[in-house]
Amino acid sequence: MSDELIPQEEEALLGKVLANLATAPRPAREPAAAMQQDYARQLVEIRDEIAEARLEDVPALIAQMERIAGVANRRAEPLEVPVDPQAPYFAHLRLVEQGKARDVLIGRGTHIDSKSGVRIVDWRHAPISQLYYRYPEGASYEERFGGREVEGEVTVRRTVTISERRLLRVHAPQGVFVKKADDTWKQASARATELSGGQGSAARPETTKGVLGVGLEVDQRGDRHLPEIAALLDPRQFELISAPDSGVVVIQGGAGSGKTTIGLHRIAFLSYRSPERFRADRMLVVTYGKALSAYISEVLPALGVAGVKVVTFQDWATKRRKLAFPFLKAKFDEGTPSAVTRLKKHPALLSLLRERADRHLASPRAKKNARAALGVWAEALTDLPALRAAIAAHGDLLTEAELTSAHRWCSERCLALVEQQDREREGDVDADPSDAVNAKWEEREDDEPDDDSTDDRSIGVDGVHVEDDAWRLDREDDALLLRAYQLVAGALKKGKLPLVYDHLFVDEAQDLSPVELSVLLSTTTSARSVTLAGDTAQKLYLDNGFRDWKQTLADLGMKHLEIEPLRIAYRSTREVVEVAREVLGPLADPNPPDAPRTGAPVESHVFPQQGAAVAFLADVLRPLFQREPRASVAILARFPEQADAYFDGLSRSEVPGLRRVRDQDFIFKSGIDVTDVRQVKGLEFDYVVLVDVNAQSYPADDTSRHLLHIAATRAAHQLWIVVTGAPSPLLPARLIDG
C-alpha cells in the first residue's frame, strides 16, 4: 500500500467501527458484576459489625471477612467495559494466521462482532493485546492464548488518535500522518515527530542558532492530539505494569523513562483486574511535591481509577502522627541543623528503634500504646553510645563532631517533651488518648484533620490548654515517631480499624529515607503489593540516608529483591540526555540510557549580567508564543531570588503568559513558568531555559550536579542554557567554546 493511502484506510476502518457500534445492542451487565456487588455488600456489613462488636467477637468477624474476600477474589472476572464511540480505540493490528488476515483494535473497552469483522479488545486483560506491546510491524510471533499455540505475523501495527469520532493522527512505521485544519493529511517522518511535546513541535527538520521553538508550523498547529499513553508503552513497561499483584516491584530508571507511567498504569491494571481487592480507597500514591501530586490526581481518574489518595510523604506522615500521638501539640522547628537531619534520616535509626522497642516489649509490664512509643523514640535519639555504635555499623554519613552536636540538640528537646507529657498524665499511665481521637475522627469523610485544625485535641488530658510552642519537633520526627508506634503499639489506625493499603506506589523513592520507606511499607497487607520507583541521579536531598537501591533495600530487609532497570529515555531528546549525563560526571550511571529521539542541539547563551539575559529572552519568548500559543516553557533558576529577578524583568518586557511559581502551584497550562529547580521535580515542559548557570550558582559539587541534571531533563523538546558571568564548571566545554 502507498504511504499516502494509510490515513484513508484508517478513516474507512473507523467509519466501519462507528457504524457497527451504532447498531450494536447495549451489552448486558455481566452476572459476575452482580455477584461481586453482593460480596462487597457483605464485606461492608461485616466491617460495620466489627466497629460495634464486643472485643471477644472481633476475631471471628475478621475471619469471616477474610473468607468472603478470598471467595470474591477467586471468582472475580474482568468485566467487559463498553466501548466509547467518541474514542473507541487507540491502536490497530492486522494479524495473519494460517493465511487468513484479521484486524484487531486495542482500546479501553471490549466489543467483538466477528461477523462484521469488528474486534475491539481491552488492553488491560485481553491476551491478544500483548502482541501490540511485544511485536513490531513485520514480525512473526508465537504465543499461547487460551491453552493453544498461536503463530502468525503482524503485518500492520499503527497507533491512532481519535477524538469526538474523528481520526486526527496516525503513527505508523511508514511515517506520522496528521490531519490539518482543512481535513487534508500531512505526512512527517516517524522519527521526527515521535513522542513530541505538547505542541507537537518535535517535527523540526533543522534549527537556527538563536531561534527558540523552530519546527514545521503547520504540524505544530495541527498536531495537538497525542496518542493515549497506553499506546506508547514499550514491552518492558507493559511487563512491569502487568506484574503479579503480590510482592514488591522496584523500578530504577532515568529521567523520562516512564517510572511514573508504569506506577499509575499498574494501579489501573490491578484495579481493573481485581476491583474488589484493589479498591481505590485502599490504595495510596506517595510522591515528591504538591505539583506532581496534583498532576497524578488528575491522571488516575482518566485511567478509570477515581478516589485513590495521592499525597506527599510529609503531609501524610504529619497527619498520621497527629492521629497516633494526639497529645503532641508541637510545631515544627524550621531551623533544624543539617547534622540533625542527617542523624534522623540515617538508616541506623531503623535498627536502633527496633532494638529499643524489643527491649521495651520484653518487660512483663510493658505498655503497648502511643506514650510507650514516645519513650522508645526519645531513648533512641538520646543514647549517645548506642547511636555511635549503630552508625558505625552502617558506615559514614556523620562525623563524630556532627553526631555530638546532633545528639545535644535531640537530648534537649526529647527530654523536655517527655517531661511535659509526664506532667500532663496526672498518673493515668494506662490512658492512651489516641484511641479516643481516632474514634472521633472516624466519622469524618476524611479522617485526617487539617494541619491548622483547632479542635479539642489542643487540650491536655488535665483539661488545661497546651501552648503550641511549648515544644518543637523536627519534620524528620514524624517518620521516627510513626515507626516507633508501629513497633510498640502495632499498626497505625484509621478510626478503630488498622490502616492497611492493598497497593502502595511510591514515586521518587530516592528522596525518602529508609525509615520513611519502612513506615509506608508497614501499612500494606501481608501480600505486600508495592511499586517503588526512583532514580538516584535525581536525588534532591543527599543527606536522607538513601545511598543506593541495593543498600537501601538491604536496610529495609529486602536485599533479595531484583531491581528492574529502564534504559529508554522517552521524555528528552538525545541531545538533552547527553548534556544531562555529562553534567552528572562521576555520578552518572556507567550504562547510558537509550534516547531514541533526536532534536535541536542544546544551546548556551553567555551574557555579562542578568539584565542582558532578560532582554534576550524577552525578544525570543514573545515571537515563540505568536507561533506556538499552546507551548509550555519553564525558566529555571537555582535559587528563588534569581527566579524573582527574571520574572520581574520579563514582566516589564511584557512577555505574555508569565507565571511565578513559588510553592509548586503549577496549573499545567500553556505559558511560561518561572521558578527554581526544586519546584519542578517529576514535571516536564516543551521548552526549558536554565538561567544563571554560573560558577556561583552551580559549583563543582554533588548537589549542584544533581540539581542541574534534574533541571535539564525537564525538557521534552528543546533546552537552552543561559550563562551570566563565569560559566559553571559542570557545563560541557563544547557548549561554552562553541
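A contact here means heavy atoms within 4.5 Å. The model is predicted, so that local features need pLDDT of at least 70 and side-chain atom pairs count only at pLDDT 80 or more, while totals for chains, interfaces and linings use all residues. Residues are numbered from 1 along each chain as its sequence is written, and side-chain values use heavy atoms, with hydrogens and water left out.

**Exercise 1.** Characterise the contacts and burial of the protein as a whole.

Solution. Taking the contacts with a separation of 6 or more, one finds that residues 24 or more positions apart account for 73% of them. Of the 738 residues, 52% are buried, where buried means under 20% relative accessible area with a 1.4 Å probe and protein chains only.

**Exercise 2.** Compare the expected and actual span of helix α12, and state what its buried residues pack against.

Solution. Helices are DSSP runs of H or I with at least four residues, numbered from the N terminus. The expected span is 1.5 Å times one less than the number of residues, so the 14 residues of α12 (residues 348-361) should span 20 Å, in agreement with end C-alpha atoms that are 20 Å apart. The buried residues, among them Leu349, Leu353 and Arg356, pack against α11, α13, α14, α17, α18 and α19.

**Exercise 3.** Determine how many disulfides the structure holds, and examine cysteine 410.

Solution. With a disulfide defined as a pair of cysteine sulfur atoms within 2.5 Å, the structure holds 0. For cysteine 410, the nearest cysteine sulfur, that of cysteine 414, is 5.6 Å away. Cysteine 410 is buried, with a relative accessible area of 1%, and cysteine 414 is buried at 2%.

Note on methods
Helix = DSSP H or I, 4+ residues; strand = E, 2+ residues; numbered from the N terminus. Buried < 20%, exposed > 50% of the residue type's maximum accessible area, 1.4 Å probe, protein only.
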